[in-house]
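This report sets out the architecture of a single protein chain, beginning with its overall composition and ending with one residue environment.

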Amino acid sequence: PERVNPDRFNYNQAIGQSANEQMLLNLVRLRYRDVPVFLEVSSILSQYVFLGNINVSGSGGSGDALAGGGAGATYIDRPTISYTPLTGEEFATQMLAPIPTEAIFSLAQSGWPAKELMLMSFDRLNHLENTSFGRPLTEDQIKSLEIFQHTIDLIVKLAKRHGLESQDDKDPETEERYLVFNPNPDHETQLLINELKELLHLHPQHLSFRITDRLIQREPDEITIRVRSLLTMMGFLSNGVEIPEDHREEAIVENDTEYGNLKKQDSLVPLKIHSSKEEPENAFVAVEYQDYWFYIEHSDHVSKQAFGLLTYLFILQAPQPPATAPLLTVPTG
């Protein structure tokens, strides 16, 4: 029993840290146009062996009697850890499939930062498109992105002022969701509602809009919300990776320093991953790749928050390997 407490928390901490490092490594891989790989810890089995021995010996005869003895103890810890690669059709489908809108709204209503969550996950709101972040962005793309971000700001403000909320359909079989405006808002809230409806080309008199993912033949009482896939979201966040000058000169990645919009573009990414030749001393999470260290600073709470949201969405979306109990062989003789 005395091994349960330390071992449980030590394994918990090690697995959590390893999962963070794996996610960070895959973000860096995507920035370098490498293929992300996920390996899950499916089971841990620890076997403890305590061995003790004691011996006493003696001899006697016509001379002096001799006596001796000894004692010894041995402790052996034999952990067996099983790893399962996340591959196959199901995993690929989940990585490429759009994240369900109900998962995004549920996370926002549970207290996760709504603005960052929607900026990371939303791909389109009606005709407004969140950029895919192909490098580099043009001036027109940056302007469109700023309009998209302003629209997200309006949604967050209205939610805080109880002017807008997401509601489930009363019929559980349809599994539909609606964006519903407050029918009796105060004057300032009404101005925000009017601005949002104008930006999204929503009918000014309607209060409830059914969420759909289609663009063509959208009804007046519908609103298009398309959500990114996990892989697309990871590609978006990978633009926050700082590329070392050596790698730019060697053309390991595309050279984007010549574009004047780069700094402005990078400021729109909520995740900053720094690079250095030496291992960082006090990083939140760090990995080594291509002879450089890539890390998130402990003091960068915005990046830590974005990284946490991505990790949580990965847990929700990606299929987990079936938990199989290890085969135990117990000695009986």
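The model described here is predicted. The accessible surface of the chain amounts to about 19700 Å², and carbon and sulfur atoms account for 51% of that surface. Of the 333 residues in the chain, 37% are buried. The secondary structure consists of 10 helices and 11 strands. Where contacts link residues at least 6 apart in sequence, 66% of these contacts join residues at least 24 apart.

**The sheet**

An open sheet is formed by 6 strands, in the order β4-β3-β8-β7-β6-β5, and its pairing is mixed. The edges are occupied by β4 (128-129) and β5 (164-168); each has a single partner strand, so one side of each is left without a neighbour in the sheet. Within the sheet, β6 (residues 177-181) and β7 (residues 208-212) run antiparallel and are joined by 3 bridges. In this pair, Tyr178 stands opposite Arg210 of β7.

Two helices may be described in relation to the sheet. Helix α5 packs on the sheet, and its direction makes about 90 degrees with that of β3. Helix α6 lies across the strands and runs at about 135 degrees to β6. The table lists their contacts.

| Helix | Strands | Angle |
|---|---|---|
| α5 | touches β3, β4, β5 and β6 | about 90 degrees to β3 |
| α6 | lies across β3, β4, β5, β6, β7 and β8 | about 135 degrees to β6 |

**Helix α4**

Helix α4 spans residues 114-121, and its buried residues include Leu117, Met118, Leu119, Met120 and Ser121. The cover over the buried residues of α4 includes the helices α3 (101-109), α5 (139-160), α7 (230-237) and α10 (301-317), together with the strands β3 (122-125) and β8 (222-227).

**The environment of Lys197**

Lys197 belongs to helix α6, which covers residues 187-200. Is Lys197 buried or exposed? Its relative accessible area is 6%, and the cut-off for burial is under 20%, so Lys197 counts as buried. Beyond its neighbours within four places in sequence, Lys197 is in contact with Phe181, Leu202, His203, Pro204, Gln205, His206 and Phe209. With one of these residues, His206, there is a specific approach: the side chain of Lys197 reaches the backbone oxygen of His206 at 2.7 Å. Lys197 and Thr151 are 46 residues apart in sequence, and their C-alpha atoms are 9.7 Å apart in space.

Technical notes: Residues numbered from 1 in each chain as written. Predicted model: local features only at pLDDT ≥ 70, side-chain atom pairs only at ≥ 80, totals over all residues. Heavy atoms only, no water. Helix = DSSP H or I, 4+ residues; strand = E, 2+ residues; numbered from the N terminus. Buried < 20%, exposed > 50% of the residue type's maximum accessible area, 1.4 Å probe, protein only. Contact = heavy atoms within 4.5 Å. Areas by Shrake-Rupley, 256 points an atom, 1.4 Å probe, with all protein chains shown as cover. Polar contact = N/O pair within 3.5 Å; in protein donor to acceptor, adjacent residues only side chain to side chain. Pairing = 2+ DSSP bridges. Axes fitted to C-alpha atoms, helices over the stretch in contact; angles between N-to-C directions.
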